[in-house]
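Dear colleague,

I am handing over the structure we spoke about, and below it you will find an account of what turned up in it. Please read the notes with the structure open beside you.

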Amino acid sequence: MANSISERLTQTLRERINRGELAPGTLVIEPALAQEFEVSKTPVRESLRQLTSEGLLQVLPKKGYLVRAISMNDVYEVLELRSLLEPHVAGQVSAMHSAALIVSLAGHLEAQEKLAVSDPIASMHAAQRFHSELAAASRNSRIVASLENCFTQTARAHYVLPSMQPYMSQSDELSEHQQILAAIQQSDPEAAAKAMALHLDSIRRAMLG
């Protein structure tokens with residue numbers, strides 16, 4: 001039961017951090033969390049240790065925990081890993097995709113386009129689902145796990161770096177996704193990998209300049 005409580009608490013706090021509800025620099029105090037969630041200090045302590053190991057928090061001796069900021073080096077490392085993995089995934093999936101996958105991926109892009117101006121964050125989540133489903137279609141659990149962590153970190157950057165939100169409403173971002181999908185639908189691994197690489201380069205320029 002204690003582990004279950006700790007896991008649920010970890011998930012809740014992780015989402016708060018990734019969505020910017022607990023902004024970088026926020027002090028997180030163990031007793032306050034225990035009171036808020038009406039639990040003992042033990043699962044709270046376990047949860048905070050887990051989030052610290054994930055790099056989302058840092059320990060402040062005798063004070064509590066601090067929500068870590070996203071550094072430009074963090075962003076660079078995430079995008080570098082994505083650039084190594086996602087073009088490979090796009091090329092691989094283009095050689096073994098199903099009609100159902102194409103329909104599902106297209107649905108994510110429709111949602112991205114529909115929400116781009118009215119709700120950039122929701123549009124970002126639709127774009128993230130496009131990337132996540134594409135990764136899952138690779139059928140490589142280790143690649144999927146690595147990329148899901150990258151997607152979560154990229155999403156967090158969108159929340160806590162306001163300059164990133166206008167990027168999600170730009171037509172180029174959607175057009176790049178559509179080019180990736182078209183190459184996959186045409187079963188063209190080289191074109192799919194190239195389209196994904198160009199898209200990730202656009203994200204890098206938007207995030208890092």
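**Helix H7 and the spaces it lines**

Helix H7 is 20 residues long and spans 29 Å from its first C-alpha to its last, which is close to the 28 Å expected at 1.5 Å a residue. Please keep in mind throughout that this is a predicted model, and that the values below are computed from it.

At the N-terminal end of H7, Asn140 acts as a cap, with a side-chain oxygen placed 3.1 Å from the backbone nitrogen of Arg142. Along the helix, the buried residues are Ile143, Val144, Leu147, Cys150, Phe151, Thr154, Ala155, Arg156, Ala157, His158 and Val160, a list that takes in Arg156 and His158 as well as residues such as Leu147 and Phe151.

H7 also takes part in an open pocket. The largest pocket in the model has a volume of about 360 Å³, and of the 16 residues that line this pocket, Arg14, Glu15, Asn18, Thr152 and Gln153 lie nearest its centre. Helix H1 (2-18), H6 and H7 are the elements that each give two or more residues to this lining, and the largest share, six residues, comes from H7. Sorted by class, the lining of the largest pocket holds seven polar, five charged and four nonpolar residues.

Turning to enclosed space, a search of the whole structure finds two cavities of 30 Å³ or more, and the second largest of these has a volume of about 60 Å³. Its lining is made up of Ile70, Asp74, Val75, Val78, Leu79, Gln153, Thr154, Ala157 and Met207. Helix H4 (72-94) and helix H7 (141-160) each supply at least two of those residues, although here the largest share, four residues, comes from H4. By class, the lining of this cavity has six nonpolar residues, two polar residues and one charged residue. Gln153 is thus named both among the residues nearest the centre of the largest pocket and in the lining of the second largest cavity, while Thr154 and Ala157, which also line that cavity, are among the buried residues of H7.

One residue of H6 is worth a separate note. Met124 is found in helix H6, which covers residues 120-136, and Met124 counts as buried because its relative accessibility is 4%, where the cut-off for buried is under 20%. Met124 and Tyr159 are 35 residues apart in sequence, and their C-alpha atoms are 9.9 Å apart in space.

With best regards

Key:
Residues are numbered from 1 along each chain as its sequence is written. This is a predicted model: local features need pLDDT of at least 70, side-chain atom pairs count only at pLDDT 80 or more; totals for chains, interfaces and linings use all residues. Side-chain values use heavy atoms; hydrogens and water are left out. Buried means under 20% relative accessible area, exposed over 50%, partly exposed in between (1.4 Å probe, protein chains only). On a 1 Å grid over the protein atoms alone, a cavity is a set of points where a 1.4 Å probe fits but cannot get out, and a pocket is an open set with protein on both sides within 12 Å along at least five of seven lines; lining residues have an atom within 4 Å of a point. Grid points are joined across faces, edges and corners, and a volume is the space filled by probe spheres set on the points. Ala, Val, Leu, Ile, Met, Phe, Trp, Tyr, Cys and Pro count as nonpolar, Asp, Glu, Lys and Arg as charged, and the others, Gly among them, as polar. The expected span of a helix is 1.5 Å times one less than its number of residues. A polar contact is a pair of N or O atoms within 3.5 Å; within protein, one must be able to donate a hydrogen and the other to accept it, and residues adjacent in sequence count only if both atoms are side-chain atoms.
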